[in-house]
Amino acid sequence: MMTEGEIPPEVHDYLRFYETDFGRKILRREAEYIRSFLSDCDKILDVGCGPGVFEKELSDLDIVGLDADSVMIAAAQSIAGNEFRVSNAEKLPFQEGSFDGLFSVATLCFMDDPFRAVDEWARVLRPKGKFVALLCNPHSHHFQGMLTRGGYTARNLKHTDFTPIVDYLEGKFNTQGEYFLGVKDESVFDSDNPKTASIYAVKGTLK
């Protein structure tokens, strides 16, 4: 496990954001959205867990965190007491039907092959297993501002249109989608307006 002094600057900056008032508001809203749909699940997988902030926030749930970045996983192990795995999301290291719940926060649009990842979700979920995917909304003022400022999002985003991903999810799951989490400057509020909602949320059950 890493000590605080051993956490790399890029991971430290990620964690520091969630320690700000703005970051805490976003984390709480997203975590509560996930909890409200997956709270009855016994075993949950977090795909793209980063440094484990959702595992810490959702400590009442049994979550396994997975991320392709070993540095993120090392940081997560220092922050939360959950099980964590280093692995590519497009080839999950779990047997079929290992989980009855799964969530992914702002991850699919950064993957080379999000469709292969969705195939893997369907494989590792049990019959009628549930998922929540929080997708970056490219139509929102908040997201457009992030792209303009550059940084991690602008450098690593692979898909600026979430529609093909949502369509693919609909082929594997019984889904419902909605705009969620209004953000303006550093204010966080309820919104289903595509211009102000920073997230397009999709949730559903395995067909």
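Student: With which residue does Arg123 form a salt bridge, and how far apart are the closest N and O atoms?

Tutor: The general idea is that side chains of opposite charge can pair when their charged atoms come close. In this predicted model, Arg123 forms a salt bridge with Glu120, and the closest N and O atoms are 2.9 Å apart.

Student: How are Arg123 and Glu120 placed in helix H5?

Tutor: An α-helix has 3.6 residues a turn, so residues three or four places apart point the same way. Arg123 and Glu120 are three residues apart in helix H5, which means that about one helical turn separates them. Glu120 is buried because its relative accessible area is 3%, under the 20% limit. Arg123, at 25% relative accessibility, counts as partly exposed.

Student: Which residues of helix H2 form a salt bridge?

Tutor: Asp21 and Lys25 do, with an N to O distance of 3.3 Å. Both lie in helix H2, four residues apart, about one turn of the helix. Asp21 counts as exposed at 54% relative accessibility, whereas Lys25 counts as partly exposed at 35%.

Student: Which parts does the salt bridge between Lys130 and Asp40 tie together?

Tutor: Lys130 lies in strand S5 and Asp40 in the loop between H2 and S1, so the pair ties together parts that are 90 residues apart in sequence. The closest N and O atoms of this salt bridge are 3.1 Å apart. Lys130 counts as buried at 15% relative accessibility, while Asp40 is exposed, with a relative accessible area of 53%.

Student: Which residues of H2 are buried, and where do they lie around the axis?

Tutor: The buried residues of H2 include Phe22, Ile26, Tyr33, Ile34 and Phe37. The buried set covers an arc of only 155° around the axis, which puts its members on the same side of H2. The face turned away from that buried side carries the exposed residues Asp21 and Ser36.

Student: How many residues does the largest nonpolar core have?

Tutor: In soluble globular proteins, nonpolar side chains tend to be buried together. Here the largest nonpolar core has 33 residues, and those with the most contacts inside it are Leu45, Leu108, Trp121 and Phe173. Among the elements that each supply at least two residues of this core are S1, H5 and S8. A second, separate core of 30 residues includes Leu15, Ile34, Ile63 and Leu134.

Student: What covers the buried residues of H5?

Tutor: The cover includes strand S1, strand S4, strand S5, helix H8, strand S6 and strand S8. Among the buried residues of H5 are Val118, Trp121 and Ala122. Beyond its neighbours within four places in sequence, Phe173 is in contact with residues including Val118, Trp121 and Ala122.

Methods:
Residues numbered from 1 in each chain as written. Predicted model: local features only at pLDDT ≥ 70, side-chain atom pairs only at ≥ 80, totals over all residues. Heavy atoms only, no water. Buried < 20%, exposed > 50% of the residue type's maximum accessible area, 1.4 Å probe, protein only. Arc of directions from axis to C-beta. Contact = heavy atoms within 4.5 Å. Core = buried A, V, L, I, M, F, W, Y, C linked by side-chain atoms within 4.5 Å. Salt bridge = Lys/Arg side-chain N within 4 Å of Asp/Glu carboxyl O.
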